[in-house]
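Trainee: I should like to work through the structure in front of us by asking about individual residues and elements. May we begin once it is displayed?

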Amino acid sequence: MKEVLAIGSEISEPPLVTSYQALLQNNDFHSHLKTESIVQEIDLPMIDLCNIQSENREKRRLCAEEIVKAASEWGFFQVLNHGISLELLEEIKREQVKLFRLPFEKKVSSGILNDSYRWGNPAALSVDQFSWSEAFHVPLDKISDEDCNHGEFSSLRESMKNLGMAMSNLGRALADVLVQNLGYSCGNFPKNCDEKTCFLRLNRYPPCPFSRPETGAACGLVSHTDSDYLTILYQDHVGGLQVMKDSRWVAVRPNRNALIVNIGDLFQAWSNDAYKSVEHRVITNAKRERYSIAYFVCPSYDSTIGAYAQPSRYRSFTFGEYRKQVQDDVKRTGKKFDMLGRGYLEETKTKARKGEKDKKKKNLIHI
């Protein structure tokens, strides 16, 4: 299998095939590339935001109830009348397509968009940890910097700035509803979150020749939860997003008029599990490429994440501490562990202290 050629004789595709085949040499193809062959396709809860700021109090209440219910039961939902024009979304999609058509070497080495290009997963130990995708993960505070190289994509820069501001407003409106539901005064929530701390991620999932009906599909993005407060996603019509619901994967039916919103780890911790950060993944298509744009609502790295009320299920931690833990886990094991698996529960911390005390007692007895 050869990588796809682009401009002239230069290769635009990242070396996904080569990397994937290298992993296959040490892993059994059928045991690792096996996803459910039949996954039910569903519509996520759909919420019309036209009433979120209605003068009618009852309409506002019903809209808020829908948001809270979806965040609690699904961790994922779709929104209509979200205030972001379809024209803006389609404009940035066109620029996004042109961006990914650049030669691979230029994407890697030119430093474009704050040197934010990434592909695959260098830490993958097997094919089921490998993400068949490429992306630009751009800090919003760098988009306007003079030092941020936009190359021939100056129009993309303006589109990203406009989209970032619009997504920020939407994210804050949704967060206000969710925190007020818990009796918390929204004020400036999430704290230390603004356009300077959040990220835009431009994703592309190339066609994958390893996705076959008899073996299942390869992952464009491996199963994970998001390490933020909220994520807002715009995806094209190709599909591939799957969400864990009631211990089973379900496929999300694309809707070009809707944005997808999901709860991140930080919101789950802050809400004491009232809202759920849910596992999700992207499955590749054998013949068609897929594009999406994600906006991540993140605080500053030194921000302390603590629950809105006591007693807290989670110990306090900084966003920087959590991000480092996630990055270390991925580098070491090829995958991200959820918060419960990394000792962020307060009860886990308490048990650990008790274990240390018991150990000391036993040592004293042996002495």
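Trainee: Is Glu321 buried, partly exposed or exposed?
Mentor: The model is a predicted one, and the class follows from the computed accessibility. Buried requires a relative accessible area under 20% and exposed one over 50%. Glu321 has a relative accessibility of 32%, so Glu321 is partly exposed.

Trainee: With which residue does the side chain of Glu321 meet in a salt bridge?
Mentor: The distance from N to O in this salt bridge is 3.1 Å. The partner of Glu321 counts as buried, because its relative accessibility is 18%. That partner is Arg315.

Trainee: Which residue forms a salt bridge with Lys324?
Mentor: The closest N and O atoms of the pair are 2.9 Å apart. Both residues belong to helix 10 (residues 319–333), and because they are four residues apart there, about one helical turn separates them. The partner counts as partly exposed at 29% relative accessibility. Lys324 is thus paired with Asp328.

Trainee: How many salt bridges does a search of the whole structure find?
Mentor: Side chains of opposite charge can pair when their charged atoms come close. Some of the residues concerned form a network of salt bridges, among them Glu13, Arg101 and Glu289. The search of the whole structure gives a total of 18.

Trainee: What is the N to O distance in the salt bridge between Arg313 and Asp273?
Mentor: This pair links distant parts of the chain, 40 residues apart: Arg313 lies in the loop between strand 14 (304–305) and strand 15 (317–318), and Asp273 in the loop between helix 9 and strand 12. Arg313 is partly exposed, with a relative accessible area of 32%, whereas Asp273 counts as buried at 12%. Their side chains meet at a distance of 2.1 Å.

Trainee: Which backbone nitrogen lies 2.9 Å from a polar atom of the side chain of Asn272?
Mentor: Asn272 is in the loop between helix 9 (265–270) and strand 12 (280–283), and it is buried, with a relative accessible area of 18%. Leaving aside neighbours within four places in sequence, its contacts include Tyr308, Pro311 and Arg313. The backbone oxygen of Pro311 lies 3.2 Å from a polar atom of the Asn272 side chain. The backbone nitrogen at 2.9 Å is that of Arg313.

Trainee: With the side chain of which residue does Gln242 make a polar contact?
Mentor: Gln242 is found in strand 9 (residues 241–245) and is buried, with a relative accessible area of 8%. Not counting residues up to four places away in sequence, Gln242 touches Val39, Trp249, Val250, Ala251, His280, Arg281 and Ile283. The side-chain polar contact, at 2.8 Å, is with Arg281.

Trainee: Which strands are the edge strands of the open sheet of five strands?
Mentor: The sheet has the order 1-10-9-12-7, with mixed pairing. Strand 1 runs parallel to strand 10 (residues 248–252), and two bridges join them; Ile42 stands opposite Val252 in strand 10. An edge strand pairs on one side only, and the two that do so are strand 1 (41–42) and strand 7 (219–224).

Trainee: Within what arc do the buried residues of helix 3 fall?
Mentor: Helix 3 (residues 57–73) reaches 24 Å from its first C-alpha to its last, close to the 24 Å expected for its 17 residues. Its buried residues are Cys63, Ile67, Val68, Ala70 and Ala71. Seen down the axis they line one face of helix 3, because they fall within an arc of 165°.

Trainee: Which residue caps the N-terminal end of helix 3?
Mentor: At the other end, helix 3 is followed by Gly75, whose phi is positive, near 80°. At the N-terminal end, a side-chain oxygen of the capping residue lies 2.9 Å from the backbone nitrogen of Glu58. The capping residue is Asn56.

Trainee: Which residues are exposed on the other side of helix 4, away from its buried residues?
Mentor: The buried residues of helix 4 include Leu88, Ile92, Gln96 and Phe100. Because the buried set covers an arc of only 130° around the axis, it lies on the same side of helix 4. Exposed on the other side are Glu87 and Arg94.

Conventions: Residues are numbered from 1 along each chain as its sequence is written. This is a predicted model: local features need pLDDT of at least 70, side-chain atom pairs count only at pLDDT 80 or more; totals for chains, interfaces and linings use all residues. Side-chain values use heavy atoms; hydrogens and water are left out. Buried means under 20% relative accessible area, exposed over 50%, partly exposed in between (1.4 Å probe, protein chains only). A polar contact is a pair of N or O atoms within 3.5 Å; within protein, one must be able to donate a hydrogen and the other to accept it, and residues adjacent in sequence count only if both atoms are side-chain atoms. Contact means heavy atoms within 4.5 Å. The arc is that of the directions from the helix axis to the C-beta atoms. The expected span of a helix is 1.5 Å times one less than its number of residues. Two strands pair if DSSP finds at least two bridges between them. A salt bridge is a side-chain nitrogen of Lys or Arg within 4 Å of a carboxyl oxygen of Asp or Glu.
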